[in-house]
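Here are some exercises for you to try with the model open in your viewer. Have a go at each task before reading the solution under it.

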Amino acid sequence: MYKILFLMSDTGGGHRSAAEAISEALYRKYGRETFDIQLVDVYRKMRYPMNIQPEMYPEMVNKTPFLWGLGYYFANLPFIAPIVRRLLYAMNRGRLQQMYEDNPADIIVSVHSVITPPSMYAYLDKKMTIPFLVVVTDLVSTPRFWYEKRAHHTYLPTQRALQRGIKLGLQSHNMSMTGLPVHPRFTDSYQDKQTIRHEHGWSDDLPVVMLVFGGDGMGQLVKTATAINEKRLKCQLVIIAGKNEERRAILEAMDWHQPTHIYGFITDMHIKMRGADILVTKAGPATITEATIAGLPMILSGKIPGQEDGNVWHVVDNQAGVYASHPKQVANVLEKWLADESIWQKYAENSRKIAQPDAVFQIAEGIWEHLHLPAKSGI
């Protein structure tokens, strides 16, 4: 049985989701009994205040987005990033080395940018020789922390991300452009759109507009839903409020002018997306990637400054959707789309063109390959 250690953190849902998606792909290809997989939240292993980052992250990006973006910018400056890398390790040297002792593995896979460098320093100080892989989970505006020259291989989601790796000194043969890993269930065969709508109680006669703002309900979900509601459009809304019970309660108490279905945290996004026609969402990389697999045109209604800028470029440049930063702008775009179906159908076609549904299996194959290579130290 192969022991795989995923380094991640619950700062947003994308990192855990990526690790779980890759784990499922490994199970499907090589058998569940073949692996012993551990997911470790590396921030939780660090000293204060890093160990409370999972709680701080949603607060910071929601309440102080400008400051978050500013910090993101400065941390990526070429003369500051190395200092941050070293400082994080210096403060947590013993804890990170202990992490490896507590979680013996045959291979390490990092799916989080900031924790990758200090985890690599601990790896080197312990003179480990097992493969150390990196799976980048930002689409385009990828921070410097992702690009670890001593990693055995780095898997990138887009060509832009790969080119940035080359610019930052990684060797092309140590990188692969696979796409972003999403759970294999998004590529499974499910019922047709009409069947899904019947099972959910959605109408066949009205386009389904889905609103998704992350598992924590981040972003201006209520304001955006309100702006759309005020337009009294000929559509039906499917709103995913996520884990945010307060926002869900507000939404459920509203007086809706079109059929509206409100859900909390769900585990069948892969099904609901296939029953929808249009997606309104913040620019999260996983949701965007899932939407392309489902062939959904996107109205991106918000982004986390810095780290999600490139996600917007990815969608807009490929004409898979548009960016509307204000709730009223979202409503105006949606009104235009619903008045002429050919508009959003064209975006839907382009969305399908940039889908990379096999990414998670390519990464699983890469992990399997490295498990069977002779042991060697980091590059």
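**Exercise 1: the strands around β4**

Strands β4 and β5 (153-156) run parallel and are joined by three bridges. This is a predicted model, in which local features need pLDDT of at least 70, side-chain atom pairs count only at pLDDT 80 or more, and totals for chains, interfaces and linings use all residues. Residues are numbered from 1 along each chain as its sequence is written, and side-chain values use heavy atoms, with hydrogens and water left out.

Task: work out how β4 is paired and covered, and place β4 in its sheet.

Solution.
- Start with the vocabulary: strands (E, at least two residues) and helices (H or I, at least four) are DSSP runs numbered from the N terminus, and two strands pair if DSSP finds at least two bridges between them.
- On the β5 side, Val 135 has Tyr 155 as its bridge partner.
- Now look at β3 (residues 107-110), which pairs with β4 in the parallel sense over three bridges. Here Ile 108 is partnered by Phe 132 of β4.
- Follow the chain from β3 to β4: it goes through helix α6 (residues 116-125), and this β-α-β crossover is right-handed (with the strands pointing away from the viewer, the path from the first strand over the helix to the second runs clockwise).
- Check the faces of β4 (residues 132-135): Phe 132 and Val 134 on one side, and Leu 133 and Val 135 on the other, are all buried (under 20% relative accessible area with a 1.4 Å probe, protein chains only; exposed is over 50% and partly exposed lies in between).
- Zoom out, and you get an open sheet of six strands with parallel pairing, in the order β2-β1-β3-β4-β5-β6. β2 (35-41) and β6 (175-177) each have a single partner strand, so one side of each edge strand has no neighbour in the sheet.
- The twist from one strand to the next averages 20° (angles run from 0 to 180 degrees between N-to-C directions, with axes fitted to C-alpha atoms, for helices over the stretch in contact).

**Exercise 2: a histidine in β5**

Task: is His 153 buried or exposed, and which side chain does it share a polar contact with?

Solution.
- His 153 sits in strand β5.
- Its relative accessible area is 8%, so His 153 is buried.
- Its side chain makes a polar contact of 2.6 Å with that of Ser 176. Such a contact is a pair of N or O atoms within 3.5 Å; within protein, one must be able to donate a hydrogen and the other to accept it, and residues adjacent in sequence count only if both atoms are side-chain atoms.
- Beyond four places in sequence, the contacts (heavy atoms within 4.5 Å) of His 153 include Phe 132, His 173 and His 370.

**Exercise 3: the largest nonpolar core**

Task: which residues have the most contacts inside the largest nonpolar core, and which element gives the most to this core?

Solution.
- Nonpolar core here means a set of buried Ala, Val, Leu, Ile, Met, Phe, Trp, Tyr and Cys residues joined through side-chain atoms within 4.5 Å.
- The largest one has 33 residues, and Leu 7, Tyr 100, Ile 108, Tyr 123 and Phe 132 have the most contacts inside it.
- Two or more residues come from each of β1 (2-8), α2 (42-45), α5 (81-102), α6, β4 and α7 (159-167). Top contributor is α5, with five residues.
- Take Phe 132 as a test case: its contacts beyond four places in sequence include Leu 7, Tyr 100, Ile 108 and Tyr 123.
- There's also a second, separate core of 29 residues, with Val 238, Met 273, Ala 291 and Val 315 among them.

**Exercise 4: the other sheet and α12**

Task: what is the strand order in the sheet that holds β10, and how many residues of α12 are buried?

Solution.
- The order is β9-β8-β7-β10-β11-β12, an open sheet of six strands with parallel pairing. Edge strands β9 (260-263) and β12 (321-323) have a single partner each, so one side of each is left without a neighbour in the sheet.
- Within it, β10 (residues 278-282) and β11 (residues 298-302) pair in the parallel sense over four bridges. Thr 281 is partnered by Leu 300 in β11.
- For helix α12 (residues 285-294), eight of its ten residues are buried. Its cover includes β7 (208-212), β10, β11 and α15 (341-353).
- Just after α12, Gly 295 has a positive phi of about 70°.
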